[in-house]
Amino acid sequence: MKSIGHSMKKMVACHAMMFTAAVLACIPALGLKLGDEAPPVSIQEWVQGGPVEMDTASDTVYVVEFWATWCGPCRKSIPILNALHEQHQDAGLVIIGITDEDKETVTGFIEDKAMKYPIAIDQDSETWAAYAESTGVDGIPYAFIARQGKVLWHGSPLDDLDKIVLDILENRYDLEKALADQRTNRLAEVWVPQYMLLAAKQADSGAADALGNRILEEGGNNASVLNELAWNIVSDKTLGYRNLDFALQAAEKACALTENRSSTMMDTCARILHEKGRTEEAIALQKQAIEASEDMNEKEEQLLPHLEEMENPEAFAQRTRLKQNVDLYLVYATHGLDPGEADTVGQLIVSMEAPDTSALSNLAWYIATGDSLSYRNLEFALQLAEKAVALTEQKDPDILDTYAEVLFKLGRKEEAIAQLRLALERCEEEDMREMLEDNLAGMENGAGGGAEMLSLLCDEYRIYADLGQSGTEADALGQRLLEQSGSIASPLSDLADYLLSEETLAYRNLDFARQLAEKACEISEHKDPHMLITHAQVLLEMGQKEQATGILKQAVEIAEDDETRAMIEDLLSTLEEEDMEIEKEEAVSVPDNAA
């Protein structure tokens with residue numbers, strides 16, 4: 001809907017006035033409401049059709065639409081109005097299109113767009129003022145529907161106008177419901193935002209209170225909107241004016257409207273009571289909210305924590321600090337900002353008194369399994385899991401499952417399996433037993449989580465190398481990778497080959513590639529020709545040709561397939577040819593030197 005600018009110009013002109021006046025000026029006046037008497041149209045000239053006199057005694061349905069030739073959305077409404085005119089004019093529908101432009105402009109536009117219904121030019125914007133301005137409207141296209149002298153509806157003609165007209169013509173239209181909907185919309189879209197604006201700026205507490213009373217008295221019976229307003233007031237400690245008495249009135253009205261069956265609304269009311277120091281009432285109502293809730297997530301994430309805050313503020317504060325530290329750790333770990341800072345926050349988490357065992361276990365699980373981490377410290381995850389297991393005395397199967405997962409990712413397969421079996425012994429829920437049994441089968445049949453974890457670390461290092469992350473951080477990750485490799489060789493050799501062959505790397509540490517290749521060869525006891533080839537190629541890149549040649553000769557001896565053997569022999573032949581060329585060059589240069 002396009003703004004016509006008239007009302008907005010007035011608001012800009014008043015911008016220098018005090019804040020409260022400006023805010024209240026934005027609230028639509030209670031001038032023209034649904035069910036009120038429809039004002040007469042004041043017309044300067046009828047350009048097409050007309051004149052039309054709005055008969056207040058007949059059942060004729062009048063659509064008064066404000067539009068302009070320059071308005072894009074107005075053009076979209078023309079086919080809708082044309083169709084309504086053609087379909088229902090014989091059934092008692094009259095459409096009046098009203099503009100404030102000159103006749104010449106309007107006439108040419110009517111012909112060009114083939115407008116079929118009566119079109120008129122407003123008399124000094126009097127009709128606009130009586131209808132639109134009185135309702136608080138400042139944009140077009142905008143339409144009003146009247147019948148028997150009463151305003152029944154108003155809104156954009158692009159919003160189901162055809163359905164509304166048909167309902168009115170066929171006497172299906174419910175004015176009482178429309179009034180209720182209008183009050184709800186006014187409450188949600190205008191009054192509540194304006195109240196929060198007044199409260200935020202603390203411009204005039206009297207104005208905020210006046211608007212608050214208006215919301216309670218005239219704002220309808222929308223419990224959700226009242227509850228949201230009450231919650232915003234009690235939860236936003238930055239408000240310049242926090243009227244908890246008004247918030248409680250709004251919350252209590254929301255609870256009454258829902259007959260104290262809404263856990264969400266009782267939670268809001270209890271929160272306000274607690275804030276006002278009425279703790280016993282707050283606790284009783286919060287327990288009622290918990291009983292009423294059928295949503296387990298709502299109970300665990302909102303209702304129970306709020307009850308704990310009321311009953312045991314110290315424990316709740318500790319839990320809150322733990323959550324804040326966990327969130328901070330995840331920021332560091334997810335973005336790889338500073339592994340040192342991440343470890344510092346991690347140790348703070350481990351050392352906290354009376355920690356939340358579920359939070360510890362969940363963080364450990366995320367470190368072990370999360371795909372989006374740039375920094376993954378499995379030793380820290382192990383500390384978290386071990387502490388959660390100890391605090392629950394090895395009785396919580398979910399926490400034991402987390403502990404097993406971390407052990408498995410560290411390559412400690414037998415210990416992981418033992419913990420999963422213990423979790424199964426402790427588990428009484430059938431669904432969880434099935435999950436644990438699946439996990440156990442996966443561990444027993446797998447090679448060990450160390451391989452998966454090592455692959456994840458290698459992938460992380462590739463990200464550092466590709467993006468040119470801090471060399472210091474990349475090198476630190478590299479050393480962790482070497483330390484946690486255990487007896488797994490393939491990911492190390494593959495990463496060494498990647499660092500050697502990928503031409504677009506932003507950070508390339510060939511000495512680290514050499515360490516990877518050497519470690520892979522040691523783990524494989526120098527019996528894998530492909531790993532020996534990778535080691536030799538890294539050495540060649542570093543200029544250590546003689547050592548590389550020796551490794552290639554060792555590789556050709558153990559190669560079992562003809563293709564691998566032929567590849568190694570080609571490499572050795574190339575190196576020998578290079579040596580021969582060097583010897584020739586040196587021989588040729590001797591006479592020159594002698595001379």
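A residue is called buried here when its relative accessible area is under 20%, exposed when that area is over 50%, and partly exposed in between. By this criterion, 46% of the 595 residues of the protein chain count as buried. The model is a predicted one, and every value in this report was computed from it.

**Overall make-up**

The protein chain contains 27 helices and eight strands. Among its contacts between residues at least 6 apart in sequence, 66% join residues that are at least 24 apart.

**Nonpolar cores**

In soluble globular proteins, nonpolar side chains tend to be buried together. In this model the largest nonpolar core has 53 residues, and the members with the most contacts inside it are Met-54, Phe-66, Met-115, Tyr-131, Ile-145 and Val-165. A second core of 44 residues, separate from the largest one, includes Ala-333, Met-352, Leu-424 and Leu-440.

Which residues does Ile-145 touch, if those up to four places away in sequence are not counted? Its partners are Val-61, Tyr-62 and Val-63, then Lys-150, Val-151, Leu-152 and Trp-153, and finally Leu-161, Ile-164, Val-165 and Ile-168. One of these partners, Val-165, is itself listed with Ile-145 among the residues with the most contacts inside the largest core.

**A buried threonine**

Thr-357 lies in helix 16, which covers residues 357–369. Is Thr-357 buried or exposed? Its relative accessibility is 19%, and because the cut-off for burial is under 20%, Thr-357 counts as buried. Leaving aside residues up to four places away in sequence, Thr-357 touches Ala-388, Leu-391, Thr-392 and Ile-399.

**Salt bridges**

The count of salt bridges comes to 24, and the table gives three of them with the distance between nitrogen and oxygen.

| Acidic residue | Basic residue | N to O distance |
|---|---|---|
| Glu-170 | Arg-172 | 2.0 Å |
| Asp-327 | Lys-323 | 3.0 Å |
| Glu-393 | Lys-395 | 3.3 Å |

Glu-170 and Arg-172 also belong to a network of salt bridges that links them with Lys-163 and Asp-167. Glu-170 is partly exposed, with a relative accessible area of 42%, and Arg-172 is likewise partly exposed, at 46%.

The pair formed by Asp-327 and Lys-323 sits within helix 14 (residues 313–335), where the two residues are separated by about one helical turn because they are four residues apart. Asp-327 is partly exposed, with a relative accessible area of 35%, whereas Lys-323, at 52%, is exposed. In the pair of Glu-393 and Lys-395, both residues are exposed.

**Helices 19 and 20**

How are helix 19 and helix 20 oriented to each other? The axes of helix 19 (residues 413–426) and helix 20 (residues 430–445) come within 10 Å and cross at roughly 160°. Angles over 145 degrees count as roughly antiparallel, and helix 19 and helix 20 are therefore roughly antiparallel to each other. The crossing of helix 19 past helix 20 is left-handed.

From helix 19, the residues that meet helix 20 are Lys-413, Ala-416, Ile-417, Leu-420, Arg-421, Ala-423 and Leu-424. On the side of helix 20, the residues that take part are Arg-433, Leu-436, Glu-437, Asn-439, Leu-440, Met-443 and Glu-444. Leu-424 and Leu-440, which appear in this contact between the helices, are also among the members of the second nonpolar core.

Definitions and conventions. Residues are numbered from 1 along each chain as its sequence is written. This is a predicted model: local features need pLDDT of at least 70, side-chain atom pairs count only at pLDDT 80 or more; totals for chains, interfaces and linings use all residues. Side-chain values use heavy atoms; hydrogens and water are left out. A nonpolar core is a set of buried Ala, Val, Leu, Ile, Met, Phe, Trp, Tyr and Cys residues joined through side-chain atoms within 4.5 Å. Buried means under 20% relative accessible area, exposed over 50%, partly exposed in between (1.4 Å probe, protein chains only). Contact means heavy atoms within 4.5 Å. A salt bridge is a side-chain nitrogen of Lys or Arg within 4 Å of a carboxyl oxygen of Asp or Glu. Axes are lines fitted to C-alpha atoms, for helices over the stretch in contact, and angles run from 0 to 180 degrees between N-to-C directions. Angles under 35 degrees count as roughly parallel, over 145 as roughly antiparallel, 65 to 115 as roughly perpendicular and the rest as oblique. A crossing is left-handed if the near helix is turned anticlockwise from the far one by less than a right angle, and right-handed if clockwise.
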